[in-house]
Amino acid sequence: MKREKCIALLVMCGLAANLSFAGKKAADPSVEASKAVARAEQAVAQTKAAIEASKALVGGVSGNAALMAEVKEMLRATTDDWEMAIAALDQAKKNAERVASSKDEVMAKDYARLTKLNAGIAISGAKVVSTGLYFVEAAASGKVESLDVIRGAMSAARVSAESVRVSSERTIGLIEAKYSK
Amino acid sequence: MRNREVMKKLVAVTLVSLVAGASVLAADLSDGSAVVADLSVMAVDAKAAVAEAATTGDLIAISKAQAKADAIDAALAIANEQYAEMERAIAAGDQAAADEAFAAIEAARDEAVNPATPQQQPVVAGKRAATGGSGSSVPNIYERLSATTAEAAIAQTEFAVATAGGGSTPPPPGNEQTPL
């Protein structure tokens with residue numbers, strides 16, 4: 001009886017070890033790249049819908065000239081972020097395709113990383129635009145008490161977006177350096 | 001424009017990679033830098049979540065979102081600090097220290113993604129790991145966009161604002177935007 005228990009215990013330990021190993025295995029670069037693109041697509045689609053919705057809202061701000069000017073300025077300031085988000089998403093997709101077609105494992109991983117970086121830039125740009133659109137929403141619905149919070153969030157989002165830019169650019173440079181030897 | 005320069009660089013990396021093949025160093029800083037970039041994206045997302053909560057007027061929701069944003073910023077600060085440590089270690093040829101710093105960067109990111117309960121909060125490089133995290137729950141309804149349609153959407157919104165009676169009054173003091 002004891003012997004059977006020992007065997008059962010050993011089998012369980014073996015299974016647990018296998019499961020643990022499977023969990024620690026490096027993720028498939030193609031899968032990682034696809035997930036990153038999907039996340040970026042989702043963020044861009046969400047922001048696109050918010051842009052459409054905000055068109056109907058801006059009229060609600062017309063009674064307050066100063067606020068209207070601020071809304072206009074905020075939208076103008078987010079135009080670059082939106083362009084960047086779209087361009088980065090396209091680039092993420094291109095790199096994701098290269099992950100799938102790459103025969104070299106190391107290069108596939110680096111393409112996956114480039115895909116993730118591009119996806120991150122796309123998400124970051126889309127989120128900054130979304131933050132600006134929340135300002136439009138609050139202004140249009142007369143939630144004046146929310147505006148200061150959103151102004152602060154927008155300012156902080158821009159600081160974080162700058163961090164995305166700096167760290168992404170640095171990572172790209174480091175990846176680039178690998179292949180310039 | 002800075003953003004366009006970033007995109008050009010991304011394209012350049014792609015082209016170089018295609019022709020050069022993979023002659024890769026054994027260990028590099030790009031691992032750590034990529035995690036910092038990942039955390040930075042989370043930080044932007046968290047700020048958007050604060051703004052979203054503000055539109056509801058729910059003070060508790062705003063407070064919770066702000067706490068998450070602060071926690072991610074704290075994790076990002078730790079990650080940046082550890083990245084600098086990783087740079088120093090690699091420059092000094094100390095791979096063990098570099099690996100340790102990289103582990104701390106990953107721990108900061110993991111802690112931001114999956115905050116530990118108060119009983120199991122880990123310590124990252126001698127400091128309390130920050131907690132927090134945010135995410136989007138919007139269904140995947142992506143349809144292919146072009147920069148042209150995106151620009152048109154923004155332009156139309158601006159036009160609507162302008163024609164709705166907006167003047168040329170500058171933003172109120174304290175609301176200046178920091179350009180990217």
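**A walk through the helices of chain A and its contacts with chain B**

A:Thr171 sits in helix H5 of chain A, which covers residues 144–179. The model is predicted, and every value below is computed from it. How buried or exposed is A:Thr171? Its relative accessible area is 0%. The cut-off for buried is under 20%, so A:Thr171 counts as buried.

What surrounds A:Thr171? Leaving aside residues up to four places away in sequence, it touches A:Arg113 and A:Leu117 in chain A. From chain B, B:Ser30, B:Ser33 and B:Ala34 touch A:Thr171. The neighbours of this threonine thus come from both chains. The side chain of A:Thr171 also has a polar partner: one of its polar atoms lies 2.6 Å from the backbone oxygen of A:Ser167.

A:Arg170 offers another link to chain B. Its charged end sits over the ring of B:Tyr83. The distance to the ring centre is 3.8 Å. Pairs between aromatic rings are another matter. Such a pair is described by the distance of the centres and the angle of the planes. With centres required to lie within 6.5 Å, the count over all chains is 0 aromatic pairs.

Now step back to chain A as a whole. It has 5 helices and 0 strands. Read from the N terminus, its elements run α-α-α-α-α. Chain A has 181 residues, and 51% of them count as buried. Its exposed area is about 8100 Å². Carbon and sulfur atoms supply 59% of that area. Contacts reach far along the sequence. Take those in chain A between residues at least 6 apart: 77% join residues at least 24 apart.

Helix H2 of chain A spans residues 29–57. Does its length fall short of or agree with what 29 residues should give? At 1.5 Å a residue, the expected span is 42 Å. The end C-alpha atoms are 42 Å apart, so the two values agree. The N-terminal end of H2(A) is capped by A:Asp28. A side-chain oxygen of A:Asp28 lies 2.9 Å from the backbone nitrogen of A:Ser30.

Finish in chain B. B:Pro115 lies in the loop between helix H4 (95–113) and strand E1 (123–124). Its relative accessible area is 42%. That value lies between the 20% and 50% cut-offs, so B:Pro115 is partly exposed. B:Asp45 is 70 residues away from B:Pro115 in sequence. In space, the two are 16 Å apart, C-alpha to C-alpha.

Note on methods
Residues are numbered from 1 along each chain as its sequence is written. Chains are lettered from A and ligands numbered from 1 in the order in which they are written. This is a predicted model: local features need pLDDT of at least 70, side-chain atom pairs count only at pLDDT 80 or more; totals for chains, interfaces and linings use all residues. Side-chain values use heavy atoms; hydrogens and water are left out. Rings of Phe, Tyr and Trp (its six-membered ring) pair if their centres lie within 6.5 Å; planes under 30 degrees apart count as stacked, over 60 as edge-to-face and the rest as tilted. A charge sits over a ring if NZ of Lys or CZ of Arg is within 6 Å of the ring centre and within 35 degrees of the ring normal. Helices (H or I, at least four residues) and strands (E, at least two) are DSSP runs, numbered from the N terminus. Buried means under 20% relative accessible area, exposed over 50%, partly exposed in between (1.4 Å probe, protein chains only). A polar contact is a pair of N or O atoms within 3.5 Å; within protein, one must be able to donate a hydrogen and the other to accept it, and residues adjacent in sequence count only if both atoms are side-chain atoms. Contact means heavy atoms within 4.5 Å. Accessible areas come from the Shrake-Rupley method with a 1.4 Å probe; for residues, only the protein chains shown count as cover. The expected span of a helix is 1.5 Å times one less than its number of residues.
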